[in-house]
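Hi,

Here is the structure I promised to pass on to you. Have a look at it first, and then read on for what turned up.

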Amino acid sequence: MPSMSTAIRPRTEEAVSARTLSSSIGYGVLYVVLAATAVLQLLPLLWLLLFSLKNNQEIFNLSPFALPKTLHWSNYSTVWEQGSIGRYFFNSLWITVVSVVLTILLANFVTFAMTRMKWKLSGIVLGLFMIGMMIPVHSTLIPLFSLFKKVHLTDSQLSIVLSYIAFNLPLTIMILMGFYMALPKEVEEASIMDGCSVNRMFFRIILPMTASVSVTAAIINMIYNWNEFIFVNTFLSDDSKKTLTVGIQNFVGQYTTNWGAIGATLMISILPILVIFFLLSNRIVEGIAAGSVKG
Amino acid sequence: MNTVMSNKRIIALYVLPSLFLILAIIYVPIVLTGYYGLMNWNGIGKPSYIGLANYKTLMHDSVFWHSTFHSLLFALLSTLCLILYLAVALVLSGKIRGANLLRKIYLIPMLLSSVAIAQLWLKVYHPTNGILNGLLEKLGFHHTPEWLADPHIVLYAIFIPILWQFAGFYILIYYAALKNIPASLVEAAKIDGANALQVALRIKLPLISEVIKVTIVLAVVGSLKYFDLIYVMTDGGPNQASEVMASYMYHKAFREFDFGYGSAIGFFLLIICLVATWVIRRLTATKDTIQYS
């Protein structure tokens with residue numbers, strides 16, 4: 001607030017105008033830096049989009065950001081038809097959806113029991129969930145692999161779903177916790193007075209009230225699951241069961257020299273996330289901020 | 001009321017499935033990691049107990065120490081970059097038009113899978129057809145480096161996409177925290193004659209110190225367990241010049257089928273992550289947390 005400081009310590013008019021000039025130059029520089037950062041963040045993706053629409057000759061001979069004469073959409077149809085991209089895509093989709101729905105439901109159960117119900121061990125159990133967030137996934141990988149093998153779940157997508165749920169529960173509970181803490185006790189007192197059972201109250205009254213925060217948590221979960229790599233890469237060996245993230249890794253290997261096909265494959269894999277981002281960017285921003293800072 | 005809300009059957013019904021899942025999938029495996037570390041085991045046959053032999057070998061394994069050093073280097077670089085992100089967030093949270101749009105643009109790479117990012121940057125770094133060397137040649141450089149094949153620069157070349165991926169995430173966290181600072185505090189400081197820099201350093205930074213601590217933990221622990229991008233871009237190469245703890249564990253277990261030794265590395269990774277978290281928390285602990293609300 002420059003006007004306020006001038007009110008306290010009056011300056012000559014030249015000094016004031018010199019200051020506004022230098023401050024507007026300063027702002028100009030800042031804008032340039034901020035805009036340049038944004039360009040750097042987008043440039044590789046723009047390049048990817050462009051080379052996914054070119055053939056090799058155009059990629060290697062034209063300047064990188066030049067448009068090709070004709071847009072080679074055929075790159076997309078080729079990789080979609082030839083490879084099992086469609087199957088990978090479907091696998092990613094159902095695994096993500098099932099894991100997210102179950103995680104959100106289970107996390108709501110736990111958070112409700114933690115914050116609203118009274119029981120002795122709740123502190124310890126909450127601690128277990130919160131410490132779970134600090135465990136590196138990689139340290140569990142070898143034993144998980146052998147455990148799943150013992151119960152015949154390797155090469156079953158169930159092992160992936162269970163792992164996603166377990167590793168996402170702690171963060172999801174943390175995000176939900178803030179909401180449940182702020183929920184007034186009167187809500188359940190009134191419904192219990194009216195003779196409502198706990199189950200009924202949870203499903204009919206509490207759960208619908210969490211819709212907004214649950215959606216936020218679901219989006220964060222969705223992004224993690226969609227992009228997850230190491231579990232699928234380790235637990236599943238049957239190609240037809242793999243997800244898009246691991247699928248493109250194998251797929252790109254076949255096309256080492258066809259850059260257009262590689263570009264199209266990568267674009268297909270990131271497009272769903274980009275679309276969701278454009279539709280729900282405010283919620284995603286809010287969710288990531290909430291999910292990281294509250295710890 | 002109280003009897004209804006402490007109904008043991010319902011509590012068990014609500015908590016036990018999730019509790020069982022995290023015990024079976026997180027806690028049992030981390031205990032087993034330490035246990036398997038005591039075994040000579042190829043992952044298929046029967047494990048045989050060999051005491052601390054794996055851990056002793058680990059102590060004298062130079063590749064392992066190089067991997068650990070690489071992981072620690074990533075942790076250090078990531079932490080230093082936080083200063084950069086903080087500076088951007090400070091500017092962004094000032095009177096900047098379009099700040100909301102900018103922070104969303106910054107965030108986009110973070111939403112993509114590490115595999116897609118790795119594949120994309122493999123192309124960026126491609127020695128002859130990549131966009132980076134293309135640009136350098138236009139600027140007049142003739143001997144452009146082979147970014148991922150040169151053991152001296154490969155680590156830094158890998159760090160750039162990591163920076164690119166996570167910049168928006170940290171900027172967003174700082175931005176959200178800075179926007180939470182009550183305007184009245186900043187106004188008061190300005191009335192007292194503080195300039196923008198003083199407001200930033202003396203008022204804003206202390207007020208978001210808790211958030212800064214969290215981000216340091218996230219950056220350090222995140223770096224220590226970094227895996228996907230390296231696995232796809234270099235697979236630890238050339239000649240293990242970009243091997244990190246997680247990738248070394250993976251190679252030992254799932255390539256060389258030395259599950260015992262891999263488990264020992266995994267256990268070490270777990271310990272170092274927990275210790276790092278604890279140490280950072282201790283080092284940055286303040287006597288009284290600043291309250292502002």
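Let me begin with how the two chains meet: 94 residues of chain A are in contact with 94 residues of chain B. Please keep in mind throughout that this is a predicted model. Between chain A and chain B an area of about 8500 Å² is buried, and carbon and sulfur atoms give 77% of it. On the chain A side that touches chain B, the most comes from helix H14 (residues 259-293), with 16 residues. As for the polar side of this interface, the rule finds 21 residue pairs in polar contact, both partners being at pLDDT 80 or more. Salt bridges across the interface of chain A and chain B number zero.

Next, the packing. The largest nonpolar core has 188 residues, and those with the most contacts inside it are Phe112(A), Phe129(A), Ile288(A), Leu92(B), Tyr174(B) and Ile208(B). Helix H7 (residues 154-179) of chain B supplies the largest share of this core, 17 residues. Another core, of 11 residues, lies apart from it and includes Val221(B), Leu224(B), Leu269(B) and Cys273(B).

Tyr174(B) is a good place to zoom in. With its neighbours within four places in sequence left aside, Tyr174(B) is in contact with Leu82(B), Tyr85(B), Leu86(B) and Ala89(B), and also with Ile208(B), Val211(B), Ile212(B) and Thr215(B).

Ile30(B) is worth a look too. This residue sits in helix H1 (residues 8-36) of chain B. Its relative accessible area is 12%, so Ile30(B) counts as buried, the cut-off being under 20%. What does Ile30(B) touch, not counting residues up to four places away in sequence? The list is Ile135(A) and Thr140(A) from chain A, with Phe267(B) and Leu270(B) from chain B. Ile30(B) and Phe267(B) are 237 residues apart along the chain, yet their C-alpha atoms are separated by 7.4 Å.

On the annotation side, the unreviewed UniProt entry marks "transmembrane region" over residues 12-38, 72-93, 105-122, 153-177, 211-233 and 259-280 of chain B. I looked into two of these stretches. Residues 12-38 of chain B are 93% helix and 0% strand, with the end C-alpha atoms 36 Å apart. For residues 105-122 of chain B the figures are 67% helix and 0% strand, and the end C-alpha atoms are 22 Å apart.

Finally, the salt bridges, of which the structure holds five over all chains. One of them joins the side chains of Arg116(A) and Glu188(A), at 3.0 Å from N to O. Arg116(A) belongs to helix H5 (residues 85-116) and Glu188(A) to helix H9 (residues 186-193), both of chain A, so this pair ties together parts that are 72 residues apart in sequence. Both Arg116(A) and Glu188(A) are buried.

In chain B, the side chains of Glu210(B) and Lys213(B) meet in a salt bridge, also 3.0 Å from N to O. These two are about one helical turn apart, because they are three residues from each other in helix H10 (residues 209-224) of chain B. Glu210(B) is partly exposed at 32% relative accessibility, whereas Lys213(B) is buried at 7%.

Lys252(B) and Glu256(B) form a salt bridge as well, their closest N and O atoms being 2.9 Å apart. Here Lys252(B) is buried at 14% relative accessibility, and Glu256(B) is partly exposed at 49%.

Happy browsing, and best wishes!

Notes. Residues are numbered from 1 along each chain as its sequence is written. Chains are lettered from A and ligands numbered from 1 in the order in which they are written. This is a predicted model: local features need pLDDT of at least 70, side-chain atom pairs count only at pLDDT 80 or more; totals for chains, interfaces and linings use all residues. Side-chain values use heavy atoms; hydrogens and water are left out. A nonpolar core is a set of buried Ala, Val, Leu, Ile, Met, Phe, Trp, Tyr and Cys residues joined through side-chain atoms within 4.5 Å. Buried means under 20% relative accessible area, exposed over 50%, partly exposed in between (1.4 Å probe, protein chains only). Helices (H or I, at least four residues) and strands (E, at least two) are DSSP runs, numbered from the N terminus. Contact means heavy atoms within 4.5 Å. UniProt positions are given in the numbering used here, feature names are shortened, and annotations may be inferred rather than shown by experiment. Buried area is the accessible area (1.4 Å probe) that two parts lose on being put together, summed over both. A salt bridge is a side-chain nitrogen of Lys or Arg within 4 Å of a carboxyl oxygen of Asp or Glu. A polar contact is a pair of N or O atoms within 3.5 Å; within protein, one must be able to donate a hydrogen and the other to accept it, and residues adjacent in sequence count only if both atoms are side-chain atoms.
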